[in-house]
Amino acid sequence: MTFRAPKGTNDILPPESDWWREAHRVWDALCEQFGYGLVLTPIFEDTEVFARGVGGDTEVVEKQMYTFDDKAGRSLTLRPEQTASVVRAQIQAGGVGSRFKCAYWGPMFRYERPQKGRYRQFYQAGVEYLGSASPEADVEVIELGYRFLERLGVENVELRLNSIGDPADRAAYREVIRAFLNERRDALSEDSVRRIDANPMRVLDSKADAEVVADAPTPVDHLGVEAQTHFDAVRAGLDAIGIPSVLDPRLVRGLDYYNRTVFEYVPLGYDAAQSAAGGGGRYDGLFEVLGGKPTPGVGLAMGLDRIELASAQRGRTSQLDAYVASIDESRRTDARALVSRLRSSGLKVETADQHRSVKAQFKDADRLGARFVVVIGDEFDDGMATVRSLADGEQRSVALENLSEWITSQ
Ligand code: HAM
């Protein structure tokens, strides 16, 4: 009997996982620079956290949650996203005093129909900026996502931006869109007809009904004064730091907690049907929905699986600084000692697991992408090693005490 990973999940193995490690490093460095502390929350939560937080008539809650009862009969759900978890955690911790900025990275779970770039277990890197209603917070979060893609070498990214207004704006808009949709009821899909009463705005991003809603009224044309001022400030803020964005009036996002700003990053060179490599928005009502005090918030999540697919540096293997080879069996202990010293000095170093022919060791070094092979032979007793560059084949003798500095300086 053999087993396979469950449908819609992936094993990510070396060397592919080198990209993931690098992406994680880039993310951590960026979040530290921007001042976002690390937040770790459980992978499962009380089902109500997501049912209420994400919203009852979203696809995520209606169709995609991995929900189960534990042995004591509690209904738990594997997190389909982490914003609701982070807000739940902050409410539990006593609320947000002043502003609170945090970052996370990890697997999320949605029972979706799997295809390229759309999985049942997928990975997000996200940030949440809590306690600030300022448009400057929106701009900062949007910039962080943009820089992440930039640093990973994802080219030709379109930042799509929209505002869906405040609840009162949306209540007024809802009547307008409802009237528009009711007139075209017969042409709409079953799902969209069902949404006319519950959540008509969501019909705007229905793929099945794209033609019918192509000239529908949009929320950005029905903003109140405050939401309009906020949106203008976000756009001006992005312009001021040189981040290009396009207004996408039909962008409404798939989760119910948003108000005002919503955005997505779409790599244009990426051919998969699932195009957004990340997205987010403002969610000033979410704390109250989850039983907390009114607290504004804005955040984003980047979809790592999709970013990998869109990344120019995909599959790049990490380079070894050196491969230590032994000339014969008697030099294995010396080789191991040198490997240990070089690794302690911070270099990336590999060696064989036992003596093999020198030719086989060179082949191994080449396969692993080593820059240098350090050959340990009898000159080791005089404090010397032979170092060969795999790039140009040049060979020289280097004193062991200078070896790590020498390699670093090359
Ligand atoms: P989301 O748009 O549902 O937002 O997910 C963010 C990103 O996760 C998407 O743009 C996509 O790249 C990736 N993603 C979503 N579902 C899948 C899937 N099935 N397979 C592969 N990748 C996927 C959120 O989750 C919000 N929590 C973002 C946020 C944070 N808003 C405010 N704060």
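# Reading the ligand site and the sheets

Modeller: Start at the ligand. One of its nitrogen atoms is 2.9 Å from a polar backbone atom of Tyr119. Keep in mind that this is a predicted model.

Colleague: Which residue has a side-chain N or O atom 2.8 Å from an oxygen atom of the ligand?

Modeller: That is Arg253. There is also a backbone case: a polar backbone atom of Leu300 is 3.3 Å from a nitrogen atom of the ligand.

Colleague: How much of the ligand's exposed area does the protein bury?

Modeller: The protein buries 96%. The starting value is 660 Å², for the ligand taken alone.

Colleague: How many residues surround the ligand, and which are the closest?

Modeller: The count is 27. Glu81, Glu112, Glu128, Arg253 and Tyr258 are the closest. Sorted by class, the shell holds 11 nonpolar, 9 polar and 7 charged residues.

Colleague: Which strands each supply at least two residues of that shell?

Modeller: Look at β6 (121-130), β10 (278-282) and β11 (297-303).

Colleague: Now the sheets. How do strands of a sheet pair?

Modeller: They pair through backbone hydrogen bonds, either parallel or antiparallel. Here is a case: 3 strands make an open sheet, ordered β2-β4-β3, with antiparallel pairing.

Colleague: Why is one side of β2 and of β3 left without a neighbour in the sheet?

Modeller: Both stand at the edges, β2 at 44-46 and β3 at 67-69. Each has a single partner strand, so one side has no neighbour in the sheet. From one strand to the next, the twist averages 35°.

Colleague: What joins β3 to β4?

Modeller: 3 bridges do, and the two strands run antiparallel. β4 covers residues 75-78. For one bridge pair, find Phe68 and its partner Leu76 in β4.

Colleague: Which helix packs on this sheet?

Modeller: Helix α2, residues 47-54. It touches β2, β3 and β4, and its direction makes about 80° with that of β2.

Colleague: Let us go further along the chain. How many bridges pair β14 with β15?

Modeller: The pair has 4 bridges, in the antiparallel sense. β14 spans residues 370-376 and β15 spans 384-389. Val374 has Val387 in β15 as its bridge partner.

Colleague: What stands opposite Val387 in β16?

Modeller: Arg396. β15 and β16 (residues 395-399) are also antiparallel, over 5 bridges.

Colleague: Which residue takes a positive phi in the hairpin of β15 and β16?

Modeller: Gly393, with phi near 75°. This hairpin has 5 residues between the strands.

Key. Residues numbered from 1 in each chain as written. Predicted model: local features only at pLDDT ≥ 70, side-chain atom pairs only at ≥ 80, totals over all residues. Heavy atoms only, no water. Pairing = 2+ DSSP bridges. Axes fitted to C-alpha atoms, helices over the stretch in contact; angles between N-to-C directions. Contact = heavy atoms within 4.5 Å. Near = heavy atom within 4 Å. Polar contact = N/O pair within 3.5 Å; in protein donor to acceptor, adjacent residues only side chain to side chain. Areas by Shrake-Rupley, 256 points an atom, 1.4 Å probe, with all protein chains shown as cover. Nonpolar A, V, L, I, M, F, W, Y, C, P; charged D, E, K, R; others polar.
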